[in-house]
Every structure is written in structure tokens, then in C-alpha cells.
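Trainee: Could you take me through one part of this model with care, beginning with a single ring and working outward to its surroundings? I would like to follow how each step leads to the next.

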Amino acid sequence: MKLKIAGVIPESVVDAPGGISYTIFAQGCKHRCNGCHNPQTHSFEGGKWFDIEEVLQDISDHPFTKIITFSGGDPFYQAKEFSLLCSKLKRKYKLVAYTGFLFEQLLADEDKKELLKHLDLLIDGPFVKELRNVDLDFRGSSNQRIIDVQKSIQANQVCLFKLAD
Ligand code: SF4
């Protein structure tokens, strides 16, 4: 199975709480948030196809990486493919994803819910220019939430993740 990817940053310190992240930017996004910083990732025609095995190999070539982040674009437009990747990564890494969908919307779609179930953290919601706040960690606008996914699924309600001071 293949993933459509706009690019990767193998050792990023700005994409996820808790350390060095291998960040994958999914190609394709329909949210069209006004002021999006990655408009080149919107088209589903752009980017490049990568076999999941190739991605796994590149991740394992970066041994300092303990976190895998899925950004975009929006990885939830390739929910089945990213689910498969997650199922091969889960035990060794903390898994984080960004999405323009709301947590509640992901729960209502079987494929998206399946991907959600693999994650540790989700930063959800569209970027809203009027709510832009440069002081927020890991978010562009104040409507976006950092969600503890496993806790939220267990509690059947959104549980926010508290960043370390
Ligand atoms: S969800 Fe993200 S990538 Fe998609 S338009 Fe909004 S800010 Fe841009």
C-alpha cells in the first residue's frame, strides 16, 4: 500500500510535544483554511507516492526519533493507508496527528476512527485566521485542541492533553 506524501522532516523539534519527531506531511487537503501555511499540500495531484515499507525503512534509519507526527495536508484523507502504517509502528513510537477535522467528526467515520484509535495525541480543527495566536504551542489558532486520544476514547468525551510548563 502507498502513501501520498508532500515531504518529511526526519528530526523535527517543533511538530510534537515531548521530543524529536519524524514528521510526515500528507499530500491532499480539502479544508482550504484561510491563511493556511502549507497551500502546496492541498492538491491531491501533487506530492509523491511512497510505499509504506519505504517509509518504515526511512523511519528506522533515524534512531533518535521516538515520536511520529502526521501533518499535512490532512492525513485523515488517507486514513486507511496511515492506519496501516500506524499498525506497524505503534509499539515503538508515540503517534501524533494534525487534522482540520474535529475529533467528533473523525469518530463518525469508520476509516477515520480506525486511524484515530492508533494515536496518542491529536491536534484537531481547522486553522482560523481570526483566532491566530503565535504564543500557542503546536497550534496556529486558539480553536484547535491538543487531545489525549486514548483517554478521550476511554472516557467517551474529549480529554485535553496538558503540556508541560
Ligand atoms: S487543515 Fe491544515 S493543511 Fe488543510 S487547509 Fe487547514 S491549515 Fe491547511
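Mentor: Phenylalanine 101 counts as buried in this predicted model, because its relative accessibility is 13%, and buried means under 20%. The ring of phenylalanine 101 pairs with the ring of tyrosine 77, and since their centres lie 5.3 Å apart with planes at 55 degrees, the pair is described as tilted. This pair joins distant parts of the chain, for tyrosine 77 sits in the loop between E4 and H2, while phenylalanine 101 sits in the loop between strand E5 (94-98) and helix H3 (103-107), 24 residues apart.

Tyrosine 77 is itself partly exposed, with a relative accessible area of 25%, and it takes part in another pairing, with phenylalanine 44. Here the ring centres are 5.6 Å apart and the planes stand at 90 degrees, so this pair is edge-to-face, given that planes over 60 degrees apart are counted in that way. The pair of phenylalanine 44 and tyrosine 77 again links distant parts of the chain, with phenylalanine 44 in the loop between strand E2 (21-26) and strand E3 (48-51), and tyrosine 77 in the loop between strand E4 (67-71) and helix H2 (79-89), 33 residues apart. Phenylalanine 44 counts as partly exposed, at 35% relative accessibility, and lysine 30 lies over the face of its ring, at 5.9 Å from the ring centre. Taken together, Phe44, Tyr77 and Phe101 form one aromatic cluster, and the structure as a whole holds three aromatic pairs.

From the rings we can turn to the charged side chains, starting with helix H2, which follows the loop that holds tyrosine 77. Lysine 88 lies in helix H2 and glutamate 53 in helix H1 (residues 52-60), so that distant parts of the chain, 35 residues apart, are linked by this pair. The two form a salt bridge in which the closest N and O atoms are 3.3 Å apart. Both partners are partly exposed, glutamate 53 at 46% relative accessibility and lysine 88 with a relative accessible area of 44%.

The structure holds five salt bridges, and another of them joins lysine 117 to glutamate 114, with the closest N and O atoms 3.4 Å apart. Because these two residues are three apart in helix H4 (residues 110-118), about one helical turn separates them. Lysine 117 counts as partly exposed at 40% relative accessibility, and glutamate 114 likewise counts as partly exposed, at 36%. Lysine 112 forms a salt bridge with aspartate 109, where the closest N and O atoms are 3.9 Å apart; lysine 112 counts as buried at 15% relative accessibility, whereas aspartate 109 is partly exposed, with a relative accessible area of 28%. In addition, Glu104, Asp124 and Arg145 are linked in a network of salt bridges.

Finally, there is the open space to consider. The largest pocket has a volume of about 770 Å³, and of the 32 residues that line it, the closest to its centre are Asn38, Ser71, Tyr98, Gly140 and Gln144. Its lining divides into 12 nonpolar, 15 polar and five charged residues.

Conventions
Residues numbered from 1 in each chain as written. Predicted model: local features only at pLDDT ≥ 70, side-chain atom pairs only at ≥ 80, totals over all residues. Heavy atoms only, no water. 1 Å grid on protein atoms, 1.4 Å probe; cavity = no way out; pocket = protein on both sides within 12 Å on 5 of 7 lines; lining within 4 Å. Points joined across faces, edges and corners; volume = space filled by probe spheres on them. Nonpolar A, V, L, I, M, F, W, Y, C, P; charged D, E, K, R; others polar. Phe/Tyr/Trp six-rings, centres within 6.5 Å; stacked < 30°, edge-to-face > 60°. Helix = DSSP H or I, 4+ residues; strand = E, 2+ residues; numbered from the N terminus. Buried < 20%, exposed > 50% of the residue type's maximum accessible area, 1.4 Å probe, protein only. Lys NZ or Arg CZ within 6 Å of the ring centre and 35° of its normal. Salt bridge = Lys/Arg side-chain N within 4 Å of Asp/Glu carboxyl O.
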